[in-house]
Amino acid sequence: METAERFRAAVEKRDLTALEDLFTEDVRLYSPVKFTPFEGRPMVLGLFGVLLRVFEDFRYVGGFEGAAETSADGEEAPAEVLLFRAAVDGREIHGIDLLHFDDAGRIKEFTVMVRPQSAVQALGQAVLAGLVADGLA
């Protein structure tokens, strides 16, 4: 999917400006460190600003394309899974980004899953500190 390729390139280049046009205005991001989703393009872009600073040696290592039910409306939508590796505070993270697309091909829902638990905890602490520093939490 073209949007997923553009998303991947923007993240790997750490280019927040390129990400902006890829998200719907009401995008929802489901995080492994927060029960409720981050909602809306400004908040999700702010979160990405923090994530791009927090992740060390971030790289995508594969992907799968298909369709899946969304969390927001339960409708099946085109989707892509991007597998990644990174580190936070020296802890190796294995994760996936699950992207759901609207009819125009923009990302309307985004789910992040990571392992192991110690990395999730380190990520949560680093993201919270970044959100607070940026005035987003």
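This is a short tour of the structure on your screen, one selection at a time. Keep in mind as you go that the model is predicted.

**Stop 1: the whole chain**

Start by showing everything as a cartoon. You will find four helices and six strands, and following the sequence from its start gives the pattern α-α-β-β-α-β-β-β-β-α. The radius of gyration of the chain is 14 Å, close to the 14 Å that the globule rule gives for 137 residues, so the chain is as compact as a globular protein of that length. If you turn the C-alpha trace along its principal axes, it spans about 40 × 30 × 25 Å.

Now switch on the surface. The accessible surface of the chain comes to about 7100 Å², and carbon and sulfur atoms account for 50% of that. Of the 137 residues, 47% count as buried. You can also colour by charge: the chain has 14 positive and 24 negative charges, and the mean positions of these two groups lie 6 Å apart.

**Stop 2: the core**

Hide the surface and select Phe7 and Phe23. These two have the most contacts inside the largest nonpolar core, which has 39 residues. Many elements supply at least two residues each, among them α1 (2-13), β1 (23-30), β4 (76-88) and α4 (117-133). Which element gives the most to this core? Select α3 (41-54) to see it: α3 contributes eight residues.

Stay with Phe7 for a moment and show what surrounds it. Setting aside residues up to four places away in sequence, Phe7 touches Leu19, Leu22, Phe23, Phe48, Tyr60, Leu82, Asp97, Leu99, Ile107 and Phe110.

**Stop 3: a loop residue**

Next, go to Ala72, in the loop between β3 and β4. Beyond its neighbours within four places in sequence, what does Ala72 contact? Its partners are Arg28, Tyr30 and Glu109. Draw a C-alpha to C-alpha distance from Ala72 to Glu109: the two are 37 residues apart in sequence and 7.9 Å apart in space.

**Stop 4: a strand residue**

Finally, select Glu56 in strand β3. Glu56 has 35% relative accessibility, so it counts as partly exposed, a label that covers values between 20% and 50%. Outside its neighbours within four places in sequence, Glu56 is in contact with Ala86, Ala87, Val88, Asp89 and Gly90. For one last distance, pick the C-alpha atoms of Glu56 and Leu22: these residues are 34 apart along the chain, and the atoms are separated by 23 Å.

Key:
Residues are numbered from 1 along each chain as its sequence is written. This is a predicted model: local features need pLDDT of at least 70, side-chain atom pairs count only at pLDDT 80 or more; totals for chains, interfaces and linings use all residues. Side-chain values use heavy atoms; hydrogens and water are left out. A nonpolar core is a set of buried Ala, Val, Leu, Ile, Met, Phe, Trp, Tyr and Cys residues joined through side-chain atoms within 4.5 Å. Buried means under 20% relative accessible area, exposed over 50%, partly exposed in between (1.4 Å probe, protein chains only). Contact means heavy atoms within 4.5 Å. The radius of gyration is taken over C-alpha atoms; the globule rule is 2.2 Å times the number of residues to the power 0.38. Accessible areas come from the Shrake-Rupley method with a 1.4 Å probe; for residues, only the protein chains shown count as cover. Lys and Arg count as positive and Asp and Glu as negative; His and the chain ends are not counted. The place of a charge is taken as NZ of Lys, CZ of Arg, CG of Asp or CD of Glu.
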